[in-house]
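Me: I would like a close look at one part of this model, followed by whatever can be said about its surroundings. Please keep it plain.

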Amino acid sequence: MGMIDRQTIDKILDATEIVDVVSDFVSLKKHGSSYLGLCPFHNDRSPSFSVSPSRGIFKCFSCGKAGNAVSFLMDLESMSYGEALKWLAKKYNIEVKERELSSAEREAEAQREAMFAANEFALKHFESTLKDTPDGRNIGLAYFRERGINDAMIEKFHLGYSLERIDDFYTKARAAGFDTDILVDTGLCIRTDSGRIYDRFKGRVIYPVHSLSGRVVAFGGRTLSHEKTVAKYVNSPESKIYSKSHQLYGIYQARNAIARKKYAIMVEGYMDVISMHQAGVENVVASSGTSLTDGQIAMIKRFANEVVLIYDSDPAGIKASLRGINMLIAAGLSLKVVLLPDGDDPDSFAQSHTSSEVEEYIDTHKTDLIGFKVDILMRDAADDPRRRAEAINDILHSIALIPNVVEQSIYLDECATKVGVPSSTLGIQLKRIILEQRETDFRQKQRQQAQASLEGGDNQGDNKSDESQKDSPAVNVTSAPTSIPKQIFIAERDIIRYILRYGMMYLCDVYPDDQSDTPVAMSVIDYIECELNNDNVQFSYEPFAQVWQLAIEARNSLWLTSFQAHQPEIDKQCQAKLASGIEQIRQEALDVGEIQRREEQLHADIDSLRNTLTDEFAASFIRDRLLRHESRQITDLVAQLTANRVVLSKMYPRADIHEELQVQVPLAVNTLKGAILKQQILDLTNQLTTISTDDRAQIDSVLHKIKELKEISMNFDKFNGEIVITPTARK
């Protein structure tokens with residue numbers, strides 16, 4: 001087993017168009033130079049997910065998620081770094097060359113692949129047991145036949161059976177070479193405290209659970225025993241390849257139909273899904289008896305904006321589903337509810353009707369969510385005033401979640417009519433609920449930001465295995481960790497932003513010494529490095545320090561060769577403009593004088609184009625190199641810091657970006673130095689309180705240092721106030 005080599009990774013990333021990749025999962029619309037859509041990582045109510053083709057990054061301005069095409073696939077599809085690269089390679093028809101993995105990487109990747117392999121072996125074992133053994137045919141297959149399931153559905157959903165033997169599967173899996181720990185980790189087998197191993201699904205019919213990409217991640221098993229002490233259903237536990245909150249049963253088989261019909265039908269159980277498919281209604285998924293989660297809702301939103309919930313007439317089951325309804329509303333999904341006739345559930349209804357009859361019933365019996373909740377809750381409240389008030393309040397909480405204010409108003413009037421309470425009265429309560437929800441959301445967001453800040457401060461580099469990168473906490477770039485003063489954090493962040501956005505772009509000429517007449521051209525990163533080294537300034541926030549070091553390495557080892565390699569492309573564009581310009585002059589010029597004037601202007605335009613293309617390549621060089629880094633922490637941090645352009649000084653016109661940078665970059669560096677000085681003064685001032693009043697010598701020494709630092713600090717403040725430009729601009 002190997003890892004993709006650097007050359008192949010670069011080839012894959014060169015071919016990757018982030019808009020092309022994201023569009024496979026999110027509906028995007030052009031918005032200026034970027035694209036907008038609903039964020040797939042949270043319940044986005046309005047498009048806040050931006051994709052920048054020029055920078056090769058995505059950024060959600062609501063939840064803060066950011067990254068490149070690789071991290072997008074890793075997060076959305078639960079892929080490892082290598083899997084995401086291979087997915088992209090397959091998409092762009094690139095041959096993958098791999099290098100040898102480190103021991104830690106090999107172990108993590110091998111375990112993950114071994115778990116998938118074990119599940120695939122189990123799938124085939126259970127299918128074979130169902131069809132090829134006497135007990136499988138007489139018990140398992142007979143059960144499916146009794147439930148009306150045909151061979152096509154058994155094959156489509158890979159249904160199976162596990163023999164009523166304590167270790168039938170375990171024995172065969174071990175004989176096939178599978179490690180016991182892997183079988184236990186996937187949940188296929190259970191290890192007792194005494195060390196005994198037995199099959200988790202023995203004596204059960206099997207329902208495999210597939211991921212969106214079709215890999216087997218888990219199993220559900222239903223007992224055929226009538227003993228009350230035996231659990232009716234047993235499911236795979238969560239593992240490194242299975243998170244039940246991010247899976248929907250049947251999504252792999254239903255995703256194309258959902259996208260085609262533009263809505264998803266949601267039912268409760270395995271058999272509901274299978275019977276609906278058998279009836280020809282294929283846009284059906286199930287939460288498999290678990291409470292609906294944000295991850296499952298996000299999965300549906302990738303393919304459709306409407307959900308139809310189908311319930312039988314059991315009041316207890318309907319009430320249990322109301323929380324899930326609120327989550328769907330909050331996600332901005334259009335929601336309809338269908339109640340089946342008494343005595344029917346989705347399984348039995350689909351078994352006794354044709355596909356056209358099922359679809360016709362759904363179309364004619366769809367009820368809007370508010371009408372549904374009013375009917376259910378108010379029916380139970382009867383004439384009890386307190387219960388009626390509680391029911392109405394519950395309904396208003398659902399209306400408050402509707403993103404569209406016009407829809408809110410319509411549903412409010414409908415609710416008022418049905419419950420017999422004036423809409424003005426309900427409107428007052430609705431406003432209170434909305435304000436309470438906003439306050440709750442705000443406090444929750446504050447807690448999340450505080451937690452992210454604490455986690456961000458604990459990240460220590462990118463020497464992680466491919467598997468661990470998936471779950472590494474995001475670096476927080478909006479607020480400083482408690483260990484770093486806020487002003488220093490902000491100043492460091494601003495400097496890193498300049499490096500990522502303008503790194504190798506020409507800034508100024510400097511003279512090595514007073515006697516030299518030959519200036520040396522300095523880029524943005526050259527100038528910052530020189531200034532920081534002069535005063536021995538180090539980045540205090542570890543993620544920024546990592547980016548700084550990687551930027552220096554990219555400049556030292558890759559810049560010259562990359563710039564030289566890019567020159568032919570710049571020459572090609574300039575030559576093309578020159579050729580088209582000359583041809584246009586020949587066709588339009590009226591005399592020799594006009595030809596001469598226009599050719600002079602054309603050559604000036606070519607020079608300007610060459611400078612612009614050179615600036616663009618130089619400005620984005622460090623950003624583009626770091627976006628290719630193996631560490632998720634690095635790529636996500638770079639994406640976050642480059643999602644918006646730097647807002648440069650409003651005191652100076654944007655006629656020349658070089659002139660503006662000559663003001664802003666020195667200002668940013670001196671702001672950091674000034675923040676460090678102020679913190680040193682504060683530390684010394686605090687130190688005075690710990691010194692004995694009798695120790696005059698030490699007190700005088702500290703006071704002297706404070707005085708010196710204050711004088712230096714005043715000079716920095718003066719510099720920052722007057723915007724004095726120290727570098728010498730190129731003439």
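How many bridges join β16 to strand β17, and do the two run parallel or antiparallel?

Reply: The model is a predicted one, and what follows should be read as a description of that prediction. Strand β16, residues 306-311, is joined to strand β17, residues 334-339, by six bridges, and the two strands run parallel. One of the residue pairs is Glu306, whose bridge partner in β17 is Ser334.

On the subject of its other pairing, β16 also pairs with strand β14, residues 264-267. That pairing is parallel too and covers three bridges. Within it, Ala264 has Val307 of β16 as its bridge partner. Strand β16 is thus listed with β14 through three bridges and with β17 through six.

The burial of the strand fits this setting. Five of the six residues in β16 are buried, so the strand is largely enclosed by the rest of the structure. The cut-off behind that word is a relative accessible area under 20%.

The wider sheet puts these pairings in order. It is an open sheet of five strands, arranged β15-β14-β16-β17-β18, with mixed pairing. Its edges are β15 (284-286) and β18 (367-368); each has a single partner strand, so one side of each is left without a neighbour in the sheet. At the β18 edge, the pairing with β17 is antiparallel and spans two bridges. Here Lys336 stands opposite Asp368 of β18. Helix α11, residues 270-278, packs on this sheet and touches β14, β15 and β16. The direction of α11 makes about 170° with that of β15. Strand β16 is therefore flanked in the sheet order by β14 and β17, is largely enclosed because five of its six residues are buried, and is also touched by α11.

For contrast, there is another sheet to set beside this one. Five strands in the order β2-β3-β4-β5-β6 form an open sheet in which the pairing is antiparallel. Its edge strands are β2 (29-31) and β6 (66-67), each of which pairs on one side only. Strand β5, residues 57-60, is joined to β6 by two bridges, and these strands run antiparallel. In that pairing, Phe58 has Gly67 of β6 as its bridge partner.

Gly67 also leads to a helix with higher residue numbers. Thr635, in helix α26 (residues 632-641), touches Gly67, Asn68, Leu626, Leu627 and His629 when residues up to four places away in sequence are not counted. Thr635 itself counts as buried, because its relative accessibility is 3%. Gly67 is thus a bridge partner of Phe58 and a contact of Thr635.

Next come the charged pairs. A search of the whole structure finds 25 salt bridges. One of them joins the side chains of Arg145 and Asp151, with an N to O distance of 2.5 Å. Both ends have some access to the outside: Arg145 is partly exposed at 39% relative accessible area, and Asp151 is partly exposed at 49%. In the salt bridge between Arg165 and Asp168, the closest N and O atoms are 3.9 Å apart. The allowed limit for such a pair is 4 Å. Its ends fall into separate classes of exposure: Arg165 counts as partly exposed at 46% relative accessibility, while Asp168 counts as buried at 8%.

A further salt bridge is formed by the side chains of Arg191 and Asp181, at 2.8 Å from N to O. Arg191 lies in strand β9 (residues 189-191) and Asp181 in helix α9 (residues 180-185), so the pair ties together parts that are ten residues apart in sequence. Arg191 is partly exposed, with a relative accessible area of 39%, and Asp181 counts as partly exposed at 39% relative accessibility. Beyond such pairs, Glu83, Arg112, Glu113 and Arg215 are joined into one network by salt bridges that share partners.

The last stop is on the surface. Val405, Val406 and Ile410 form a nonpolar patch there, and their accessible area together is about 300 Å². Val405 belongs to helix α19, residues 405-419. Its relative accessible area is 61%, so Val405 is classed as exposed. The enclosed strand β16, with five of six residues buried, may be set against this exposed residue, Val405.

Notes
Residues numbered from 1 in each chain as written. Predicted model: local features only at pLDDT ≥ 70, side-chain atom pairs only at ≥ 80, totals over all residues. Heavy atoms only, no water. Helix = DSSP H or I, 4+ residues; strand = E, 2+ residues; numbered from the N terminus. Buried < 20%, exposed > 50% of the residue type's maximum accessible area, 1.4 Å probe, protein only. Contact = heavy atoms within 4.5 Å. Pairing = 2+ DSSP bridges. Axes fitted to C-alpha atoms, helices over the stretch in contact; angles between N-to-C directions. Patch = residues over 30% accessible without salt bridge, like charges linked within 9 Å, V, L, I, M, F, W, Y side chains within 5 Å. Areas by Shrake-Rupley, 256 points an atom, 1.4 Å probe, with all protein chains shown as cover.
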